[in-house]
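Got your viewer open and a selection box ready? Load the model below and follow along, one selection at a time.

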Amino acid sequence: MGKTQPIQLQAGNIIIPIYNEEQFCPFVMILNDMENLQNHKIVAETMARGIALQPVVTELESDKLLMLCRTNKGKIWGSYSYNGGLSWSILSPTLIHNPNSAIDLITTNTDELILAFNHSETNRYSLSVSLSVDKGKSWSFLQDLERGEGEYSYPCLMEDHQGLIHIVYTESRYRIKHIQFDLDWLKQGALKTPMITFETPPIS
């Protein structure tokens, strides 16, 4: 199954994050021949069966990719690829909360990363966005988009040509909401102590 948006690498290949819900496992599909998409695809996984699904992927630098995933372990888990998605480090827990809820991740035009997630291990009562200025090693800024007794889920991020960030998500699974913001607003939410992504980065 697919949920999050595909990305095109600097090298030209297209990465499509996918997952198997029955096996509860993330994969990526790599399309490496744009003229013959049906016959030129490669599927790679992170050895995380029973733990994670709905991966999001972004390219940090040429052929170096970061994958983050929703999990049933109370934390986002993540993995790195150093060869354009052909192989991945074994998926490992981050220090970022996740209540078994979907996330999204994009790289902005200024090479900063934005993560949308529920900042809790147990519930979806809030939806937050966080900014990394060091390619996902840590998250120095955080703002809440929603906080209350509702359920805020399934965020999807994008950046437009003017540099505005757009996010759509569901409210209590009956209403779709859209919010736009800029990086200046997000940077008003400076954290006293940045959130570190990995206590010990995954080994390639």
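## An aromatic corner

Start with tryptophan 185, which is partly exposed at a relative accessible area of 27%; here buried means under 20% relative accessible area, exposed over 50%, and partly exposed in between, with a 1.4 Å probe and protein chains only. Before going on, note that this is a predicted model, so local features need pLDDT of at least 70 and side-chain atom pairs count only at pLDDT 80 or more, while totals for chains, interfaces and linings use all residues. Residues are numbered from 1 along each chain as its sequence is written, and side-chain values use heavy atoms, with hydrogens and water left out.

Now add phenylalanine 181, which counts as buried at 5% relative accessibility. Its ring and that of tryptophan 185 make a tilted aromatic pair, 5.1 Å centre to centre with 55 degrees between the planes. The rule for a pair is that rings of Phe, Tyr and Trp (its six-membered ring) have centres within 6.5 Å; planes under 30 degrees apart are stacked, over 60 edge-to-face, and the rest tilted. By this rule the count is three aromatic pairs.

Next, select Tyr80, Tyr82 and Phe198, which form one aromatic cluster. Then show lysine 64: it lies over the face of tyrosine 80, 5.4 Å from the ring centre. The test for that is NZ of Lys or CZ of Arg within 6 Å of the ring centre and within 35 degrees of the ring normal.

## The four-stranded open sheet

Switch to cartoon view and colour β1 to β4. Strands and helices are DSSP runs numbered from the N terminus (strands E, at least two residues; helices H or I, at least four). The four strands form an open antiparallel sheet in the order β1-β2-β3-β4; strands pair if DSSP finds at least two bridges between them. β1 and β4 (41-45) stand at the edges with a single partner strand each, so one side of each has no neighbour in the sheet. As background, strands of a sheet pair through backbone hydrogen bonds, either parallel or antiparallel.

Which residue of β4 is the bridge partner of leucine 31? Pick lysine 41 to see it. Five bridges hold the antiparallel pairing of β3 (residues 25-31) with β4.

For a loop stop, go to asparagine 13, between β1 and β2 (14-20). Asparagine 13 is partly exposed, at 25% relative accessibility. Draw a distance from asparagine 13 to leucine 145: the C-alpha atoms are 33 Å apart, with the two positions 132 residues apart in sequence numbering.

## Two positive phi values

Select methionine 47, in the loop between β4 and β5. Its phi is near 60 degrees, positive in a residue other than glycine, and methionine 47 is exposed at 58% relative accessibility. Then jump to glutamine 54, which lies in strand β5 and also isn't a glycine, yet has a positive phi of about 50 degrees. Glutamine 54 is buried, with a relative accessible area of 7%.

## Along β9 to β16

Select β10 (residues 113-117), where five of five residues are buried. Leu113, Leu115 and Phe117 point one way, and Ile114 and Ala116 the other.

On one pairing, β9 and β10 run antiparallel with four bridges, and leucine 105 has leucine 115 as its bridge partner. Five residues sit between the strands of this hairpin, and aspartate 111 there takes a positive phi near 65 degrees. β10 also pairs antiparallel with β11 (residues 126-132) over five bridges, where leucine 113 partners serine 132.

Carry on to β12 (residues 138-147), with eight of its 10 residues buried. β11 and β12 pair antiparallel over six bridges, and lysine 135 in the turn of their hairpin has a positive phi of about 60 degrees. From β12, three bridges lead to antiparallel β16 (residues 190-196), with serine 138 opposite its bridge partner isoleucine 196.

## Last stop: the pocket

Turn on a surface and centre on Ile7, Thr58, Glu59, Ile106 and Thr107, which lie nearest the centre of the largest pocket among its 23 lining residues. Elements giving two or more residues to that lining are β1 (7-8), β5 (52-61), β9 (104-107) and β13 (152-159). β5 gives the largest share, five residues.

How values were computed: On a 1 Å grid over the protein atoms alone, a cavity is a set of points where a 1.4 Å probe fits but cannot get out, and a pocket is an open set with protein on both sides within 12 Å along at least five of seven lines; lining residues have an atom within 4 Å of a point.
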